[in-house]
Amino acid sequence: MKKRPFFGGIHPKYNKEMSLGVTDFHMITPKQVVIPLLQHIGAPCQSLVAVGDKVLKGQKIGDGEGLCVPVHASVSGTVVAIEPRPHTSGRMVNAIVIDNDCQDTEIEFSPITAPLETLEQDQILHAIREAGIVGMGGAAFPGNVKALSAMGNVDTLIANACECEPYITADDSLLRTTPEQVLEGMTILRHVLKPNRVVLAVEDNKAAAIEKIRNIIGDYPGIELAVLPTRYPQGAEKQLIQALTGREVQPGKLPVSVGCAVFNVSTYAAIFRAVRWGKPLTERIVTISGEAIAQPQNFIVRIGTPFHDLIEVAGGLNEKTERVISGGPMMGFAQSDLSVPVIKATNSILCLLRDRNGAAENPVCLRCGKCVGVCPMRLQPLYMYRFVNAGRLDEMNRLNLMDCIECGSCAFTCPGKLPLVETFRKGKQMIREANAK
Amino acid sequence: MKLTVASSPHIRGNFRTYRIMLDVVIALLPALFVGVWMLGLRALMVTLICVAGAVASEYLYSIITKTRNTTLDCSAIVTGLLLAMTLPHTVPYWQAAVGSVFAIIIVKALCGGLGQNIFNPALAARAFLMLIYPVGLTRYSALGVDAVSAATPLHHMVMPALPEESLLDMFLGRCPGSIGELSALALLIGGVYLVIRKVISIRIPVAYLGSVAVLTLIFHKAGSPLEWMLYSLLSGGVMLGAIFMATDYATSPATAWGQILYGIGCGVLTVVFRYYGIFPEGVTYAILLMNALVWVIDRYTAPRRFGVKKGGVKA
């Protein structure tokens, strides 16, 4: 038997074919966009515009100090409000609201056209920052900061196209349509980081994308394509590093500690557009899928487009829709307000009917131990669940509760339908509060 | 439209409690069939009484204590069925009924119900019956003739001597014994079904049967070592115990190494009790004793922490 490249994991029903049908993307023109001033991990931006100002598409409208990257207008038009608005995280976040004049009057872009070898690393990092690039796989860590911390410390540069969450085909679509942008982006970061190994990782359920890459990868010597057997959560950073290099990131440490830097493929494409076209991050590919949406598909979406605009263009929601999720079905966030905008890290809007296998009225742990077998972090969810419910901090720490990456493999597998991930979040909060004292 | 805001994951697998329990019931059917075929309809009656007693106890307990009704998860059916498998078909009906009530009320419900009990309900009930009605539990009759009492293969092995039955007879179930333990073949079919359906892993049964095999091969008492080993595996309740009893979720470890260790412990104790105990069979007490150690075993066989080697060094 072939050795599993990472521990545990599950095989959910992927349902990716639903959203794959449409390959020429629609570009949606919303009447109004909502650009949150916080779309990354770190400090929020300060607004650079005032209500009533005219803005151009691509114009920088928010920026800040410290761990912060700017945000840009994704349409041309007039700023009509700067106020707290619902955000996919579930909180209210200050946002710049722009009425679209539908002219798409753009700023003048300043691409870097000089050959790569002649470029300074700082020059590239600056371009990445000014374009507002964050990790687009979901974590939204500022791209330039991650690249800076990796300089001189990594021997392996990884492009993550695993897209292991069911339903989502955004990265898949990107690779099927513009794989050269991804490979160019990888070439640029290779120039900055000087790793020994540069590898593009794809799961083997994306045959069309793999073929596209194979057709052109010869033009990019030194970039390796790794086709991995599909298994969730392969796209989780620690699991992907383990699968590709055999290295395990220590608890509480970052990938840099084992000489790896991982960026999502969408991020590489955005880096390419930022450096070579001078374009800021104002649009991205978003999958809209699920049994509750009429026409599942992928869109190129302006950052700031409200969810309901996209849902409308995709044919609307089934009246029995139970949840709308930002992100994937395993780790995404359920939304209550569909006026929330697409942000830089939004890869999917998922519309689901009631899950027939959903939560039980009376969840009971059978002690079947399946959760232990599927946990990619090698934890013991059944005991963690008991001890969080008992409020036992000592046991939670002994069981390394903080190592949990909340991938949901345990809860997916649990026959007793225990609310495992929810309980672990509570437990982590208890530990954090205890440590803060 | 009211949207639900709940924690991830938003999709779940189709693995459910009642499905697992039904799979166990299905897996036990071959053994039950052999029991009824060889021992007669009384075996079926005993089984039905055990199942009815268990299900009724489960239902009435939830009514009386006003706790949630768990009858529908089918776990009581499994408990009743497993208890019946361990009983001789000649056991008085009322003793079978007492056993099933004891299993559900005392061993399971009072410990907190499904998944909370420390001891395997069927085996604890059998141990209880052995204690207070030793005659009813240890008298076996010859196949087909209920009035004539017969020695089971295990009785011969205590002598020690090889049983009268051929190995093939023992494998197929042509020998006296408890209702569910006659045919190793029927039990193995059930075991394979459970493994294929991913209800159990093979770790506990293999570790259990493997350790019994190794020990009886080394410390054989009659015949050739191989014969002694095969008779040891095919006689008594080892197969039933290793496949259906020791793999009970609530009372077995959840970690991979824990399951292996636990299986070995069950096997070693079974042989020790058979060789040195006052009863010919040791399976019941071997598993019950190991049940008590499950939490400790799980604690000391926790998987290696991700990113940390044993001793805390970087992996």
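Angles between helix axes under 35 degrees count as roughly parallel, over 145 as roughly antiparallel, 65 to 115 as roughly perpendicular, and the rest as oblique. Keep that scale at hand for the first exercise; the model you are working with is predicted.

**Exercise 1. Classify how helices α3 and α7 of chain A are arranged, and list the residues that meet.**

*Solution.*
Step 1: Locate the helices. Helix α3 of chain A covers residues 170-177, and helix α7 of chain A covers residues 265-276.
Step 2: Take the geometry. The two axes come within 9 Å and cross at roughly 45°.
Step 3: Apply the scale. The angle falls in none of the three named ranges, so α3(A) and α7(A) are oblique to each other.
Step 4: Find the residues. From α3(A) come A170(A), D171(A), L174(A) and L175(A), while α7(A) brings V265(A), S266(A) and A269(A).
Step 5: Sort them by class. This helix contact has 5 nonpolar, 1 polar and 1 charged residues.

**Exercise 2. Work out whether the radius of gyration of each chain agrees with that of a compact globule.**

*Solution.*
Step 1: Start with chain A. For its 437 residues, a compact globule would have a radius of gyration near 22 Å; chain A has 22 Å, so the two agree.
Step 2: Add the extents of chain A. Its C-alpha trace spans about 60 × 50 × 50 Å along the principal axes.
Step 3: Turn to chain B. With 315 residues the expected value is near 20 Å, and chain B has 20 Å, which agrees.
Step 4: Add the extents of chain B. Here the C-alpha trace spans about 70 × 55 × 30 Å along the principal axes.

**Exercise 3. Describe the make-up of each chain: secondary structure, burial and sequence separation of contacts.**

*Solution.*
Step 1: Count the elements. Chain A has 13 helices and 17 strands, whereas chain B has 15 helices and 0 strands.
Step 2: Look at burial. In chain A, 56% of the 437 residues count as buried; in chain B, buried residues make up 51% of the 315.
Step 3: Look at the contacts. Of those in chain A with a separation of 6 or more, 72% are between residues 24 or more positions apart. For chain B, 73% of the contacts between residues at least 6 apart in sequence join residues at least 24 apart.

**Exercise 4. Trace two examples of strand pairing in chain A.**

*Solution.*
Step 1: Recall the principle. Strands of a sheet pair through backbone hydrogen bonds, either parallel or antiparallel.
Step 2: Examine strand β2 of chain A, residues 32-36. Of its 5 residues, 4 are buried, leaving the strand mostly covered.
Step 3: Find its partner. β2(A) runs antiparallel to strand β8 of chain A, residues 92-100, and 5 bridges join them. V33(A) stands opposite I98(A) in β8(A).
Step 4: Move to an open sheet of 3 strands. Its order is β3-β5-β6 in chain A, with antiparallel pairing. At the edges lie β3 (46-47) and β6 (71-72) of chain A, each pairing on one side only.
Step 5: Zoom in on one pair. β3(A) and strand β5 of chain A, residues 60-63, are antiparallel over 2 bridges, and Q46(A) stands opposite D63(A) in β5(A).

**Exercise 5. Characterise the contact between chains A and B.**

*Solution.*
Step 1: Count the residues. Chain A gives 48 residues to the contact and chain B gives 33.
Step 2: Identify the elements. On the side of chain A that touches chain B, β15 (323-326), β16 (333-335), α12 (409-413) and α13 (420-436) of chain A each supply at least two residues.
Step 3: Sort by class. That side of chain A has 24 nonpolar, 14 polar and 10 charged residues.

Terms used. Residues are numbered from 1 along each chain as its sequence is written. Chains are lettered from A and ligands numbered from 1 in the order in which they are written. This is a predicted model: local features need pLDDT of at least 70, side-chain atom pairs count only at pLDDT 80 or more; totals for chains, interfaces and linings use all residues. Two residues are in contact if their C-beta atoms, placed from the backbone, lie within 7 Å. Ala, Val, Leu, Ile, Met, Phe, Trp, Tyr, Cys and Pro count as nonpolar, Asp, Glu, Lys and Arg as charged, and the others, Gly among them, as polar. Axes are lines fitted to C-alpha atoms, for helices over the stretch in contact, and angles run from 0 to 180 degrees between N-to-C directions. The radius of gyration is taken over C-alpha atoms; the globule rule is 2.2 Å times the number of residues to the power 0.38. A residue is buried if 20 or more other C-beta atoms lie within 10 Å of its own, exposed if 12 or fewer, and partly exposed in between; C-beta atoms are placed from the backbone. Two strands pair if DSSP finds at least two bridges between them.
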